[in-house]
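Please open the model in your viewer and keep the selection panel at hand. The tour below goes from one selection to the next and says what is found at each stop.

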Amino acid sequence: MALRMMLLGLMAVAALSHAEPLPKAVADPQYHPRYEHDYQPYPGYHKPSYKPDYPESYPKPAYPPYSAYKPSYGSSYKKDNYYCDPRTPPQCANSSSVYCLSDYEYPLEEIEYAIEYDPLILKKYAEVAIQSADNLVDGVTASDENKFDYSSYNGQPYDQSNWIGGEGYICPSDVLYARPVRAVNVEGEWRVIVQNVASYTQTQRVETCLVPGASCRTLAPCYRSSCVQKYVYHRMLSFDPCNSQRGLFIDIYKLPSACSCRIPPKSH
């Protein structure tokens, strides 16, 4: 019996001497591999054949970094601080303008860039592209409105021109279905309007008194009437070329909307 036990012990020692060494992660519990190839799994371990749900590497974004983007406007505007002064009227405006309908300095490429990489653009944007008196003025068609002629009107209550003339508004006005490219917001700062860029337009009905404060047409002087300008606040998708990181945003603008006749209270 003792001889048998001795033989079994010798066989066990021989088997251990020929066994493969344990991996570092098993032999030393404190071992942490720095790289994936340092880790050696248990002998006989087979790597699973299925693919993980997550990608092994993520592709780089397709768009270029904004720092590599070159603005289309000239550096001279930056130099004299004219272009980036929001309270200074742009070249397209005169001293009394509150909006521009054309602008050779319009930052087209910058806005195209902002539109392309703005995931919320469709939530910010809304437009009714086709507007006219047909859908905005009761009882007047677009054809009628285009025929209104105020060429003889000068706003003088005792002048003959106040009594002549055909169909039209009692306070002569200039009606324009405009798409402004720049405008002054309610804070008195000029902003660029997203307009005619990548099929995006923003149309506003703008009605301006021809002779503000003048006597209303066809009314007798005893009424002491006057034509007053009315305004409406509009929300439009905007861009600040002096702060491009702000992207596209909604700003509020005050634009002429109607020219109405006012009769003052009777004096006693």
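Begin by selecting Arg205, which is buried because its relative accessible area is 14%, where buried means under 20% relative accessible area, exposed over 50% and partly exposed in between, with a 1.4 Å probe and protein chains only. Before going on, note that this is a predicted model, in which local features need pLDDT of at least 70 and side-chain atom pairs count only at pLDDT 80 or more, while totals for chains, interfaces and linings use all residues. Residues are numbered from 1 along each chain as its sequence is written, and side-chain values use heavy atoms, with hydrogens and water left out.

Now add Glu207 to the selection: the side chains of Arg205 and Glu207 meet in a salt bridge, at 2.8 Å from N to O, the term standing for a side-chain nitrogen of Lys or Arg within 4 Å of a carboxyl oxygen of Asp or Glu. Glu207 is buried as well, with a relative accessible area of 7%. If you also select Glu145, you have a network in which Glu145, Arg205 and Glu207 are joined by salt bridges that share partners. In general, side chains of opposite charge can pair when their charged atoms come close.

The structure holds six salt bridges, and the next selection is Arg191 with Glu189 and Asp251. Glu189 and Arg191 form a salt bridge whose closest N and O atoms are 2.8 Å apart, and both of these residues are buried. Arg191 also forms a salt bridge with Asp251, where the closest N and O atoms are 3.5 Å apart. This second pair links distant parts of the chain, since Arg191 lies in strand β4 and Asp251 in strand β7, 60 residues apart; helices (H or I, at least four residues) and strands (E, at least two) are DSSP runs, numbered from the N terminus.

Turn next to the sheet as a whole. Which order do its strands follow? The open sheet has five strands in the order β1-β3-β4-β6-β7, with antiparallel pairing, and two strands are said to pair if DSSP finds at least two bridges between them. The strands β1 (99-100) and β7 stand at the edges, each with a single partner strand, so one side of each is left without a neighbour in the sheet. Between β1 and β3 (residues 182-184) the antiparallel pairing runs over two bridges, and Tyr99 stands opposite Ala183 in β3.

Helix α4 (residues 108-116) packs on this sheet, touching β4 (190-193), β6 (226-239) and β7, where contact means heavy atoms within 4.5 Å. The direction of α4 makes about 60° with that of β6, the axes being lines fitted to C-alpha atoms, for helices over the stretch in contact, and angles running from 0 to 180 degrees between N-to-C directions. Within α4, select Glu110, Ile111, Tyr113, Ala114 and Ile115, which are buried; the buried residues of this helix pack against α5 (121-124), β4, β6 and β7.

For a stop in a loop, select Ile130, between α5 and α6 (133-136). Ile130 counts as exposed, because its relative accessibility is 71%. The C-alpha atoms of Ile130 and Tyr177 are separated by 9.1 Å, although the two residues are 47 apart along the chain.

Finally, select Arg224, in the loop between β5 and β6, which has a positive phi of about 50° although it is not a glycine. Most residues other than glycine have a negative phi. At 47% relative accessibility, Arg224 counts as partly exposed.
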